[in-house]
Amino acid sequence: MPGQGLPLRVATLLTGLLECLGFAGVLFGWASLVFVFKKEHYFEELCEPDARLMGNATGMEDCKAQDERFSLIFTLASFMNNFMTFPTGFIFDRFKTTVARLIAIFLYTSATLIIAFISAGSAMLLFLAMPMLSVGGILFLMTNLQVGNLFGKHRSTIITLYNGAFDSSSAVFLIIKLLYENGISLRASFLFLSVCSVWHVGRTFLLMPRGHIPYPLPPNYSYGLCSGTGTREKKETAKSKELDLQAKEFLPPKEEIPGPGQLDEPHSFKSSVFSLRFAGHLVWLSVIQLWHYLFIGTLNSLLTNLASGDRALVSSYTNAFAITQFFGMLCAPWNGLLMDRLKQKYQKEARKTGSSASVAALSAAVPSLALTSLLCLGFAICASVPVLPLQYGTFVLQVISRSFLYGGNAAFLTLAFPSEHFGKLFGLVMALSAIVSLLQFPIFMLIKGPLQNDPFYVNVMLVLVTLLTFAHPVLMYLECRKKATAPAATF
């Protein structure tokens, strides 16, 4: 890494981290925002008949219709958060960074302005604003993940760090909730978020590339402030592609850069999509993600039931949940460090045995996949026990599991498939998993309706389904082991 470019790269890294931390994944602080919306009487007209009958002294009666409306908004927004990564992935691959980020800024700013100016009477606009907010946020994340390419051996660590910051950004809605309780209006908070679009625009043109950051990084690569009109960046990008092709042909096995392009699989997008590797990863992501979305989307209702409608207790547990979400940024890098360390270890062993370095790199993802499944299983079991104090443990396991999930997802795709298809594959796997995430609303309706607020049987079923996610790391382990022994058999 040239010394001249180091300050710019560090500035890109830190500002990207701040962007993901402050804006990208705020949707997942939904429980805090729902608390504020209820105090602002959003959709309260749905509760009036029940409220008159119940006369709950706590002032926070369990209103089924209101909870269903908020659950439906979150279901739609979380679905769009994932589903729209497929078309936006194509936009990112085809039209490059600047266009993708300008779209993100437009969507995000429009959403924050809508939320700032709506009231209880126009609360239906949340069905428009929250999906726009989530799509803009995921585009911020997607365009920032490439920053890991600037730092070579620490690529996986930075990718997982950014995903951790994405998770931690859910604490933003906690800050808005606390400000609201101290007299700062919801409108003022969201107008501030809207004004921050100026900062996003400045970062887009000054600290981000016009195109993509290549990997491996060519010598004297420049971008942003140093790229002038962008001509040099284009030349360096073209040169990086040429170097990448040369690397695939001539680099010996001891080079660390083999990357996903040197795997034995065909390099086409279609062959990647229809591989067993992709199918296993899709099931793994979809099941674990469904658990997280269902938990976040129904948390306010869950806490209200467990706290018997005590507003102060619900507020306290909601704050605790949001605070634990902030620590996702600290949890996620451990997954990246684990993958980077194991990759170096396995590639060192591969050099001694003469086996494929790319297979060794892929093997490093297996412990991460297995650990994420184990964490999700623990979180699912805790969430299934209807004991309020135990939810503190659920919050901790949930944030660790979720930070490992998304960081491991992005890192696995960079290791397991050709890098030129990353945007499309990332978008496709998120889009397909989004379809599965739609199940959260009928599950919520099932719990609220026929099961009469008793989620026990649903939770048991979902815990059993979670066991299926362990098949993915097992299959990957067997595949890597088979490929690692193949050269020995050949020679």
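Let's start with a charged pair: E19 and R101 form a salt bridge, with their closest N and O atoms 2.8 Å apart. E19 sits in helix α1 (residues 6–24) and R101 in helix α5 (residues 85–117), so this contact ties together parts of the chain that are 82 residues apart in sequence. Both E19 and R101 are buried. Keep in mind as you follow along that this is a predicted model.

Stay with E19 for a moment, since a second arginine comes into play. The side chain of R203 also meets E19 in a salt bridge, at 3.1 Å from N to O. R203 belongs to helix α10 (residues 197–206) while E19 lies in helix α1, so here the parts tied together are 184 residues apart in sequence. Like E19, R203 is buried. Put the two contacts together and you have a network of salt bridges linking E19, R101 and R203.

Now let's move further along the chain. There, the side chains of R277 and E479 meet in a salt bridge, with a distance of 2.2 Å from N to O. This pair also links distant parts of the chain: R277 is in helix α13 (residues 276–297), E479 is in helix α23 (residues 471–490), and the two are 202 residues apart. What about the surroundings of the arginine? R277 has a relative accessibility of 4%, and because buried means under 20%, R277 counts as buried.

The pairs you have just visited are among the seven salt bridges that the structure holds.

Conventions
Residues numbered from 1 in each chain as written. Predicted model: local features only at pLDDT ≥ 70, side-chain atom pairs only at ≥ 80, totals over all residues. Heavy atoms only, no water. Salt bridge = Lys/Arg side-chain N within 4 Å of Asp/Glu carboxyl O. Helix = DSSP H or I, 4+ residues; strand = E, 2+ residues; numbered from the N terminus. Buried < 20%, exposed > 50% of the residue type's maximum accessible area, 1.4 Å probe, protein only.
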